[in-house]
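Here are my notes on the model you sent round. They are set out as numbered points, to be read beside the coordinates.

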There are 2 protein chains.
Amino acid sequence: MLINDRDLQFLLYELLDAEGLTKRERYAEHSRDTFNAALETARQIAEEQFAPHNRKGDEHEPEFRDGKAVTIPETKTAWRAFAEAGFIAAHHDAELGGMQLPTIVQQACQSHFFAANVSTAAYPFLTIAASNLLHAHGSPEQQAVWLPPMLEGRFAGTMALTEPHAGSSLGDLRTRAIPQPDGSYRIVGNKIYISGGDQDITDNIVHMTLARIEGAPDGVKGISLFIVPKFRLDADGNPAERNDVTLAGLLHKMGYRGTTSTVLNFGDHGDCHGYLVGEPHKGLAYMFHMMNEARIGVGVGATMLAYTGYLHSLDFARNRPQGRPVDRKGEGGQIPIIQHADVRRMLLAQKAYAEGGLALCLYASRLFDDTTSAAEPAERERAQQLLDLMTPVVKSWTAEYGVKANDLAIQVLGGSGYTRDYPVEQFYRDNRLNPIHEGTNGIQALDLLGRKMGQAGGAGFKALLEDVGRTLAEASSHRPLADLRERLGAARDAVVSTAAALAEAGRAQGPARSLANASVFLDMMGRFTVSWLWLRQAVLAENALSSSPDAQAQAFYQGKRQAARYYLRWELPAVHQQAELLKSLDDTTLEMRDAWF
Amino acid sequence: MLINDRDLQFLLYELLDAEGLTKRERYAEHSRDTFNAALETARQIAEEQFAPHNRKGDEHEPEFRDGKAVTIPETKTAWRAFAEAGFIAAHHDAELGGMQLPTIVQQACQSHFFAANVSTAAYPFLTIAASNLLHAHGSPEQQAVWLPPMLEGRFAGTMALTEPHAGSSLGDLRTRAIPQPDGSYRIVGNKIYISGGDQDITDNIVHMTLARIEGAPDGVKGISLFIVPKFRLDADGNPAERNDVTLAGLLHKMGYRGTTSTVLNFGDHGDCHGYLVGEPHKGLAYMFHMMNEARIGVGVGATMLAYTGYLHSLDFARNRPQGRPVDRKGEGGQIPIIQHADVRRMLLAQKAYAEGGLALCLYASRLFDDTTSAAEPAERERAQQLLDLMTPVVKSWTAEYGVKANDLAIQVLGGSGYTRDYPVEQFYRDNRLNPIHEGTNGIQALDLLGRKMGQAGGAGFKALLEDVGRTLAEASSHRPLADLRERLGAARDAVVSTAAALAEAGRAQGPARSLANASVFLDMMGRFTVSWLWLRQAVLAENALSSSPDAQAQAFYQGKRQAARYYLRWELPAVHQQAELLKSLDDTTLEMRDAWF
């Protein structure tokens, strides 16, 4: 009950044409078969090495012993299976030992692990992100030293950003880097909420650390990026001397309990060695490169928690007899609860969020592949603009509605849903971190409305509207979709006019007023984008149904059409109320005063 | 940070005229002072005996040892303080040792305990409900035997309804009652999810148990109610022989972890004595009497978790510096996050849910008092009709938006919100049970639309509309409220036309179609009712503000007005989209097929 394979195949090959990537030089060695082989390996390892200890990792969270974090042994076994199958290096060049998989397929593989055990999957996820950062910005020498052990799974990686007084406001971070004659730095400071900041899984940990070189400018323009290893390396590149970065404590969370969340002290004894990555003062830009990838990854994690929760509650609803149809009160035997309309509502909503979320994440991943491998520079640029626009939407929508999906899964299970004998309550707790870490939804809202909407003259938004227009045209040849097509068209008009009104207000009145309700705009864009992806799926379903497929395929496509109907009829219309609120520049929250609470 | 006392005073005395009750004979000995003295006692005990072990009870949930449930000792100490202060008997007659408090004041007292520790408060809450049931339907002899020890806190009570295969569908329960020559019964069966079904707090437990007398009709019409004690009593009424009701196990929940949730076996050894309450086969009706009261109580619990979460996140937002205003990027020092519009949005929403929820619960409690003590029979009848209508709304709206409030509290705290070092994640977990126990939201929706809306020719709904009309008239004299008044009027029209359309559809097409989207109607009624209560509060605020009160009072009333604005501008407009969906008799969920998922 981790993922519906038929759906994954549909999303990859029917919706997003992953197979088309094999025509590009970088992926020329690949085929649908090799993609599917990787997916099948991921599924097997996820089912066999990740899923079985998902509850155990929750119940036995890592312990702080003698200054070290101790995890349950299954975490390490799972990590090794993941690494040995080549998944840390999956998307890297063959010469680095990678499989050279496109990101869309890599994320599809990753989706199995997140569905199986999001806490254990977090360790390789963070390591992949750190290795990407090194790969993009590290010197050739740094890459030669650090990348191989990371990609082979001997070293893990982290992102060390947050400090006690600087979370969303990274420009305020204070960790210092003191230049040394040998070109290295000594790092001094404290970091908090560092996921995977200590563990007993790998031989070493590479903390990709933000710090301020002494004398650097204040704010975001004075931040640099450093490699800070747990163990410094000997001449052969093996872990040797302990570096002066120490585990001050573990944070105890409501979910993701199997992933260590750490408080780290850098340079308590003045001997924490760090190595500058790239140029000084550009660390935040580098980090955001990684962060944007990580945000899509968080989206996949949130989605897959929703997805597995959906499948668990679907299974329960099919097998739990309770009650009778409302027009057959008290007579005859009880029926499986899936036959109650309200239970179907809760399942349909979950289907819309889970499958819609996965479509959204894989769409973003496909855009990423286009930024790196599309034939034409213009195509790559367009993909980048769309991806920049979509990143805050992907991260926040999947997190918000992933939690909502898990909430519905609990509700479908009733009393069983809130007991720890069933897994759905853990999915809910795990997922509740996702609207916060890697940038809160509030930060995503400001990023979307304050930055991405206007970026490059609004190129990303224009590109989205073009693509939506194409789908509306395609839908017009299918009469059963007339209603949905009309709804998406009306939503597009609402989004366009709202965006224009907010841009105008920003020009006329400054950002305080136009950005005050940014989170509403973010939600509106999420509903709009996901509705578009659902209409695209409905168009494919209509095409497929018209060719009279077998019963199983028919059921699949009818389900797609019905979920599209659900989402566009039940959830999309909220955009009109949102448009009204936003266009009125509602000042309810702005006017509120501290003393009035 | 349990409750805002000023708000409680406002709701009791300005909004709901609790003082007016003292003119009635039953409450003639009372005054605002005696009410407030009871509230003050409740606050003190809640703060001193309940709040301090709220986290401990979560971390050390009751254990199953040698067939018994063992709780942390603080639970018993708190219970004793509660009982000794007279709160179990608070609303009962003076001759029973009660304080003869009206229900609205009793619930206001109870609100402190729920805010402090919902798990520990559940034990007396259940005992109050069980004692009410005995008081209403037990014979004089039964009352003489069982009530005093319950009201004094020597015995606790439970509601033993659910069975493994019969939760929402109580008509399917199978527990049997076998008549004995002495007039008692032997009970045989299994119950599950029985809250407080075992504990080490009281000398005895009185299980108010539903069972089917041998030969009784099938379904809901063959269910009777029994007293089934943990210990049978000796001639002096003291616990003596162990009755054959045994603890088979404890359920482990995501929240409310301090409250035992039990699996109970009745009559494994054929010797479980039970005593029939009232007439045979009328047990379900009796139980629903208690259940309806309990549903309001659940509403208070859900609300107070929202309330204390709100106050905690408010305190955090005032004291946590992070970021800068959007029009002052990167310059100057960080500001408290309460100054960010999006944080104020999350606080305003919580304020609207928490204070609006408490207004709703106390309004329902006031209706209850009117059903028992209003002067005129017509007034009592009208109150009963309104209360019947409101019960599913109160239970479901507070639970749904209570969880949502706690979700927002977590979000305000950011990373701190998901760690167990802060209390808000526990509130969220605790509250997640409320949309399920005592009747799921889906069941409440069917109750409202399928039963209560049409009851007595729709008298309850008509009464609500009259009262709303009165508020609209009052609001018309306040120009600053013109916008809100118009919004509530439009919502009223939407609710009225939707109700009419659904009633017509039910007549024409039967219940399957008209009830399919009942949960949407339930949410719509919740938004409408709560908006009405917020507009009433805004009217009171306008009145008060026009008399130029001191700065502190001004701030209080401005907060009320702003929260009303928030709720009616941001949350009420959804009713129009809901009306459209409902009036179209949308069949998306009905049409969905099992095989399509």
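1. Leaving aside its neighbours within four places in sequence, which residues is Leu465(B) in contact with? In this predicted model, Leu465(B) touches Arg492(B), Val496(B) and Phe528(B) once those neighbours are set aside. Leu465(B) itself sits in helix H13 of chain B, which covers residues 459-475. As a reference for distance, Ala89(B) is 376 residues from Leu465(B) in sequence, and the two C-alpha atoms are 35 Å apart.

2. On the contact between the chains, chain A contributes 89 residues and chain B contributes 89 residues. About 7800 Å² is buried between chain B and chain A, and carbon and sulfur atoms give 54% of that area. Of the area that chain B buries against chain A, 11% comes from Tyr418(B), Trp570(B) and Phe597(B), more than from any other three residues. I would name these three residues when describing the chain B side.

3. On the polar part of the interface, the rule finds 16 salt bridges across the boundary of chain B and chain A. Asp594(B) forms a salt bridge with Arg318(A), with 2.5 Å between the closest N and O atoms. Polar contact joins 59 residue pairs across the interface of chain B and chain A, both partners being at pLDDT 80 or more. Helix H17 of chain B (residues 551-571) gives the largest share of the side of chain B that touches chain A, namely 8 residues. By residue type, that side of chain B has 36 nonpolar, 25 polar and 28 charged residues.

4. On the relation of the two copies, chain B superposes on chain A after a rotation of 180 degrees with 0.0 Å of shift along the axis, at an RMSD of 0.0 Å. The two copies are therefore related as by a two-fold rotation axis. Ala574(B) comes closest to the rotation axis among the residues of chain B, its C-alpha lying at 3.6 Å. The same surface serves both copies, since 99% of the contact residues of chain B recur in chain A.

5. Salt bridges should also be reported for the structure as a whole. Over all chains, the search finds 92 of them. In one of these pairs, Glu400(A) forms a salt bridge with Lys404(B), and the closest N and O atoms are 3.9 Å apart. This pair joins two chains, because Glu400(A) lies in helix H10 (residues 377-413) of chain A and Lys404(B) in helix H10 (residues 377-413) of chain B. The cut-off for a salt bridge is 4 Å, and the text should quote it beside the 3.9 Å of Glu400(A) and Lys404(B).

6. A last point concerns aromatic side chains. The structure holds 43 aromatic pairs over all chains. Phe50(A) and Phe82(A) form a tilted pair, with 6.2 Å centre to centre and 55 degrees between the planes. This pair links distant parts of the chain: Phe50(A) is in helix H2 (residues 32-50) of chain A and Phe82(A) is in helix H4 (residues 73-84) of chain A, 32 residues apart.

Key:
Residues are numbered from 1 along each chain as its sequence is written. Chains are lettered from A and ligands numbered from 1 in the order in which they are written. This is a predicted model: local features need pLDDT of at least 70, side-chain atom pairs count only at pLDDT 80 or more; totals for chains, interfaces and linings use all residues. Side-chain values use heavy atoms; hydrogens and water are left out. Contact means heavy atoms within 4.5 Å. Buried area is the accessible area (1.4 Å probe) that two parts lose on being put together, summed over both. A salt bridge is a side-chain nitrogen of Lys or Arg within 4 Å of a carboxyl oxygen of Asp or Glu. A polar contact is a pair of N or O atoms within 3.5 Å; within protein, one must be able to donate a hydrogen and the other to accept it, and residues adjacent in sequence count only if both atoms are side-chain atoms. Helices (H or I, at least four residues) and strands (E, at least two) are DSSP runs, numbered from the N terminus. Ala, Val, Leu, Ile, Met, Phe, Trp, Tyr, Cys and Pro count as nonpolar, Asp, Glu, Lys and Arg as charged, and the others, Gly among them, as polar. Copies are superposed by least squares on the C-alpha atoms of residues with pLDDT of at least 70 in both. Rings of Phe, Tyr and Trp (its six-membered ring) pair if their centres lie within 6.5 Å; planes under 30 degrees apart count as stacked, over 60 as edge-to-face and the rest as tilted.
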